[in-house]
Amino acid sequence: QVQLVESGGGLVQPGGSLRLYCAASIIFFSIYNMGWYRQAPGKQRELVASITSSGNTNYADSVKDRFTITRDKAKNTLFLQMNSLNPEETAVYYCNAAPDNYWGQGSQVTVSS
């Protein structure tokens, strides 16, 4: 059974940083393209960042130079380092594995003073 479990979310002040984790129980994790998405209240889920099996990364324009996606294939873990967070980035952050489209349960990130 495939499971993606996110952690690392929480409350952070504007300008602060958080690191999200996604633990994947997927056979052959290394061949999956992985992504982080977020969904704010009343808004559609949007792609934040993705990383291919070969390590190529892609970012939404709004997070470039502030967020970094990485993966540890040996530990089947995906990471998202988020810096300089702003209140508009309050959302539930989800981990995704493609192309089979597996999703985690999400991790709440709240940016507020």
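Strands count as paired if DSSP finds at least two bridges between them. Strands (E, at least two residues) and helices (H or I, at least four) are DSSP runs, numbered from the N terminus.

**Figure 1. The whole chain contains 11 strands and 0 helices.** This is a predicted model: local features need pLDDT of at least 70, side-chain atom pairs count only at pLDDT 80 or more, and totals for chains, interfaces and linings use all residues. Residues are numbered from 1 along each chain as its sequence is written, and side-chain values use heavy atoms, with hydrogens and water left out. Read from the N terminus, the elements run β-β-β-β-β-β-β-β-β-β-β. Along the principal axes, the C-alpha atoms fill a box of roughly 40 × 25 × 25 Å. The radius of gyration is 13 Å, which agrees with the value near 13 Å for a compact globule of 113 residues. That radius is taken over C-alpha atoms, and the globule rule is 2.2 Å times the number of residues to the power 0.38. Of the 113 residues, 39% are buried (under 20% relative accessible area; exposed is over 50%, partly exposed in between; 1.4 Å probe, protein chains only). Now take contacts (heavy atoms within 4.5 Å) between residues at least 6 apart in sequence: 53% of them join residues at least 24 apart.

**Figure 2. Strand S4 pairs with S9 and with S5.** S4 covers residues 33-39, and S9 covers residues 91-98. These two strands run antiparallel, and 7 bridges join them. S5 covers residues 46-51. S4 and S5 also pair in the antiparallel sense, over 5 bridges. Which residue in S9 stands opposite Trp 36? Cys 95 does. In S5, the bridge partner of Trp 36 is Ala 49. Look next at the connection from S4 to S5. The two strands form a hairpin, with 6 residues between them. Gly 42 sits in the turn and has a positive phi of about 75°.

**Figure 3. Glu 89 is a buried residue in a loop.** The loop lies between strand S8 (77-82) and S9. Is Glu 89 buried or exposed? Its relative accessible area is 2%, so Glu 89 is buried. Now list its contacts, not counting residues up to four places away in sequence. Glu 89 touches Arg 38 and Arg 66. Glu 89 also touches Ser 62, Val 63, Phe 67, Ser 84 and Val 109.

**Figure 4. A cis peptide bond joins Ala 98 and Pro 99.** Omega of this bond is about 10°. Pro 99 belongs to the loop between S9 and strand S10 (102-103). Ala 98 is the residue that ends S9 in its range of 91-98.

**Figure 5. Phe 28 has a positive phi in a residue other than glycine.** Its phi is near 60°. Where does Phe 28 lie? Phe 28 is in the loop between S3 and S4. Phe 28 counts as exposed because its relative accessibility is 60%.

**Figure 6. Asn 76 also has a positive phi and is not a glycine.** Phi of Asn 76 is near 50°. Asn 76 lies in the loop between strand S7 (67-72) and S8. With a relative accessible area of 21%, Asn 76 is partly exposed. Leaving out residues up to four places away in sequence, Asn 76 touches Cys 22, Ala 23, Ala 24, Ile 26 and Phe 29. Ala 24 is 52 residues from Asn 76 along the chain, yet their C-alpha atoms are separated by 5.4 Å.

**Figure 7. Ala 23 lies in strand S3 and touches Asn 76.** S3 covers residues 18-25. How does Ala 23 count in relative accessibility? The value is 39%, so Ala 23 is partly exposed. Besides Asn 76, Ala 23 touches Gln 3, Leu 4 and Val 5, again without residues up to four places away in sequence. Leu 4 and Ala 23 are 19 residues apart along the chain. Their C-alpha atoms are separated by 5.7 Å.
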